Amino acid sequence: MPSSTAHVATDRPERYIRQLVSHMGHKATTEIAGDGRGVITLSGGRCVLAPDGDHLMMIATAVDADALAGVQDVVTRHLLRFATREELKVEWTPPLKGDDTQIVDPVIADYVLTHSTPADELLHDLVAETREATGSAATMQISHDEGALLTMLTRMTGARLAVEVGVFTGYSSICIARGLADGGRLLACDVSTEWTTVARRYWERAGVADRIDLAIAPATETLRALPATPTIDFAFVDADKVSYPAYYEEIVQRLRPGGLAVLDNVFLGGRVLDPAFQEEHHVAMRDLNDLIVTDDRVESVMLPVRDGVTIVRKR
């Protein structure tokens, strides 16, 4: 499902949104959200309209390139028709598929790394060994800025019991374990003895091995074997994406009020944003993202960190 955006300079974006939503409501499904965004849904796609300072931001999506052109055309024509007091310039970006979406600009990503508390020598060594040992699979390892976020969130919750689903070579485990309160424990769930062997060595070097309990088994089994009481303070999920809904449910049931769960890769390289991608893991992640925002047991925020991170807080 391709998408395209346009930023139209105007000092009256809110007025145009109201006019477009009202007028096009006769031939399309329309709504205005509480934050002022308007949504126009047509047969072949939709357009989101949002006030952005002295601009009107428009985001068009459709089932294919032809339908996208149709959405762009109908919204542009109606907008220009309402612009009787100013001359608007509407320029749409070229169509973009979900997997072509650049979630984090490389310049921004580098700036973020440069301005986060630096990783220590041990974590640098782990990154280098992971890259050498796993090749292209090294992309499964979280970035340092995300690791720093995990440590900070763990500390902020005062976590004494943390759970990690997906260990790989142990980078995130170290980050979480370093943030635990005195006497805290991390239950680390994985199915690979190969990569967790690397993790064990670095846990020892980092001086956190005594805080980590490694469970080599399907994570759903490990989680379901835990007491069904709200005792988990912090959880991090970064494993097989098809099972994310199951991991989420088992963790949220056991998360104490005020506890946090962090889910990684919720964008799947932008493919989750594009309904054209219908493989099992795309659908599972898309459905979970939709479920979380309506789950009255939690409050949540989705962040454009790396490949997308959702932070969930138990009410």
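Buried area is the accessible area, taken with a 1.4 Å probe, that two parts lose on being put together, summed over both. By that reckoning, domain 1 and domain 2 of this predicted model bury about 810 Å² between them, with 65% of it on carbon and sulfur atoms. The two domains cover residues 3-113 for domain 1 and 121-314 for domain 2, and their centres, taken over C-alpha atoms, are separated by 35 Å. Eight residues from domain 1 and 11 residues from domain 2 make up the contact.

A handful of names helps in finding this interface on screen. On the side of domain 1, the most area is lost to domain 2 by Asp-99, Ile-103 and Leu-113, which together account for 55% of what that side buries. Sorted by class, the side of domain 1 that touches domain 2 consists of five nonpolar, one polar and two charged residues. As for specific interactions across the boundary, the count of salt bridges between domain 1 and domain 2 is zero, while one residue pair is in polar contact, both partners being at pLDDT 80 or more.

Salt bridges do occur in the model, however: a search of the whole structure finds 16. Side chains of opposite charge can pair when their charged atoms come close. One of these salt bridges joins Arg-201 to Glu-129, with 2.2 Å between the closest N and O atoms. Arg-201 belongs to helix α7 and Glu-129 to helix α4 (residues 121-134), so this pair ties together parts of the chain that are 72 residues apart in sequence.

Helix α7 comes up again among the aromatic side chains. How many aromatic pairs are there? The count comes to one. In this pair, the ring centres of Phe-168 and Trp-195 lie 6.0 Å apart and the ring planes meet at 70°; because planes over 60 degrees apart count as edge-to-face, the pair is edge-to-face. Distant parts of the chain are linked here too: Phe-168 sits in the loop between β6 (161-165) and α6 (171-179), whereas Trp-195 is in helix α7 (residues 193-206), 27 residues apart. Helix α7 thus holds both Trp-195 of the aromatic pair and Arg-201 of the salt bridge with Glu-129.

Technical notes: Residues are numbered from 1 along each chain as its sequence is written. Side-chain values use heavy atoms; hydrogens and water are left out. Domain bounds come from an automatic or database domain assignment. Contact means heavy atoms within 4.5 Å. A salt bridge is a side-chain nitrogen of Lys or Arg within 4 Å of a carboxyl oxygen of Asp or Glu. A polar contact is a pair of N or O atoms within 3.5 Å; within protein, one must be able to donate a hydrogen and the other to accept it, and residues adjacent in sequence count only if both atoms are side-chain atoms. Ala, Val, Leu, Ile, Met, Phe, Trp, Tyr, Cys and Pro count as nonpolar, Asp, Glu, Lys and Arg as charged, and the others, Gly among them, as polar. Rings of Phe, Tyr and Trp (its six-membered ring) pair if their centres lie within 6.5 Å; planes under 30 degrees apart count as stacked, over 60 as edge-to-face and the rest as tilted. Helices (H or I, at least four residues) and strands (E, at least two) are DSSP runs, numbered from the N terminus.
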